Amino acid sequence: MLLLVCVQSFAGYFIEQSYDEAPAKDSLASFSFGGELELVYYLSSIHLGILLSGEYRFHKHHSADLFAVALFSGDYFELGADWRFFFRGSREDDFLRLGVSFVSFERYDKSYFPPRITLGYGRDITFFKNASFLCRIELDASYIMGRALVDHKENDFFGREAHFTAALNIGFYLF
């Protein structure tokens with residue numbers, strides 16, 4: 001109950017108010033921040049991680065953000081920047097994402113920091129008309145340039161490498 005009261009007061013919207021009666025405003029806040037739960041697929045398995053992001057919307061159709069990702073398994077960490085193109089220019093909108101980042105991981109007892117290119121498609125969803133938060137769902141594909149992620153057991157002669165990854169992100173952003 002306390003969480004519900006906090007969300008209501010932060011969002012400036014009373015959840016008891018009916019959706020049809022609420023006055024609509026489509027204000028685009030310049031800055032938003034939040035986090036995403038990330039499910040990343042590579043090397044024939046799914047890895048769970050968290051993404052933290054700060055996004056600046058400098059035009060109704062364009063935004064840029066800085067982000068950091070950490071996988072719970074500790075396989076890699078990532079720092080990068082994204083550009084998003086929003087199709088309609090509203091708060092609840094579909095978007096394309098183009099990202100550049102650097103991935104930090106260890107391979108054969110050496111640390112590497114190769115660049116990565118990401119292309120994604122997603123949607124921002126607002127559940128209440130005048131809420132100051134949104135949910136984001138996104139699918140993306142990435143290519144790691146240079147050194148690849150490796151799955152190599154000590155007793156095995158051969159290892160597996162992955163340059164491509166796919167991810168599903170589900171997030172919550174405040175603006």
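## Strand pairing around strand 11

In this predicted model, G34 has Y173 as its bridge partner in strand 11. The pairing belongs to an antiparallel arrangement in which strand 1, residues 31–42, is joined to strand 11, residues 164–174, by nine bridges.

Strand 11 also pairs with strand 8, which covers residues 133–144. These two strands run antiparallel as well, and eleven bridges join them. Within strand 11, T165 is the residue that stands opposite S142.

## S142 and T118

S142 is found in strand 8 and counts as buried, at 5% relative accessibility. When neighbours within four places in sequence are left aside, the residues in contact with S142 are R116, I117, T118, H163, F164 and T165. T165 therefore appears both as the residue opposite S142 and among the contacts of S142, under the cut-off for contact of 4.5 Å between heavy atoms.

Which side chain makes a polar contact with the side chain of S142? The partner is T118, at 2.9 Å. T118 is found in strand 7 and is likewise buried, with a relative accessibility of 3%. Residues up to four places away in sequence not being counted, T118 touches R97, L98, G99, D140, A141 and S142. Two of the residues in that list, R97 and D140, meet each other in a salt bridge, which is described below.

## Buried salt bridges

A search of the whole structure finds twelve salt bridges. Side chains of opposite charge can pair when their charged atoms come close. One of the pairs is E55 with R136, whose closest N and O atoms are 2.9 Å apart. E55 lies in strand 2 and R136 in strand 8, so this pair ties together parts that are 81 residues apart in sequence. Are these partners buried or exposed? E55 is buried, with a relative accessible area of 4%, and R136 is buried too, with a relative accessible area of 1%.

The side chains of R97 and D140 form another salt bridge, at 2.8 Å from N to O. This pair links distant parts of the chain, with R97 in strand 5 and D140 in strand 8, 43 residues apart. R97 counts as buried at 4% relative accessibility, and D140 is buried with a relative accessible area of 8%. Both values fall under 20%, so both residues meet the cut-off for burial. A further salt bridge joins R84 to D82, with the closest N and O atoms 3.9 Å apart; both of these residues are buried.

## The salt-bridge network

Which residues are linked in a network of salt bridges? The members are E55, D65, D82, R84, R97, D124, R136, E138 and D140. The pair of E55 and R136, the pair of R84 and D82 and the pair of R97 and D140 thus have their residues in this network.

## The nonpolar surface patch

The surface carries a nonpolar patch formed by F31, F33, Y56, F58, W83, L98, V100, I117, L119, Y143, M145 and F164, with about 1200 Å² of accessible area together. The elements that contribute two or more residues to the patch are strand 1, strand 2 (45–59), strand 5 (94–107) and strand 7 (115–125).

Y56, one of the patch residues, lies in strand 2. At 44% relative accessibility, Y56 counts as partly exposed, whereas E55, also in strand 2, is buried at 4%. In a regular strand the side chains alternate between the two faces of the sheet. Several patch residues also appear in the surroundings described above: I117 and F164 are in contact with S142, and T118 touches L98.

## The loop between strands 1 and 2

Two residues of the loop between strand 1 and strand 2 have a positive phi without being glycine: L43 and S44. Phi of L43 is near 55 degrees, and that of S44 is about 60 degrees.

Their accessibility is given by separate values. L43 counts as buried, at 15% relative accessibility, whereas S44 counts as exposed, at 56%.

Notes. Residues numbered from 1 in each chain as written. Predicted model: local features only at pLDDT ≥ 70, side-chain atom pairs only at ≥ 80, totals over all residues. Heavy atoms only, no water. Pairing = 2+ DSSP bridges. Helix = DSSP H or I, 4+ residues; strand = E, 2+ residues; numbered from the N terminus. Patch = residues over 30% accessible without salt bridge, like charges linked within 9 Å, V, L, I, M, F, W, Y side chains within 5 Å. Areas by Shrake-Rupley, 256 points an atom, 1.4 Å probe, with all protein chains shown as cover. Salt bridge = Lys/Arg side-chain N within 4 Å of Asp/Glu carboxyl O. Buried < 20%, exposed > 50% of the residue type's maximum accessible area, 1.4 Å probe, protein only. Polar contact = N/O pair within 3.5 Å; in protein donor to acceptor, adjacent residues only side chain to side chain.
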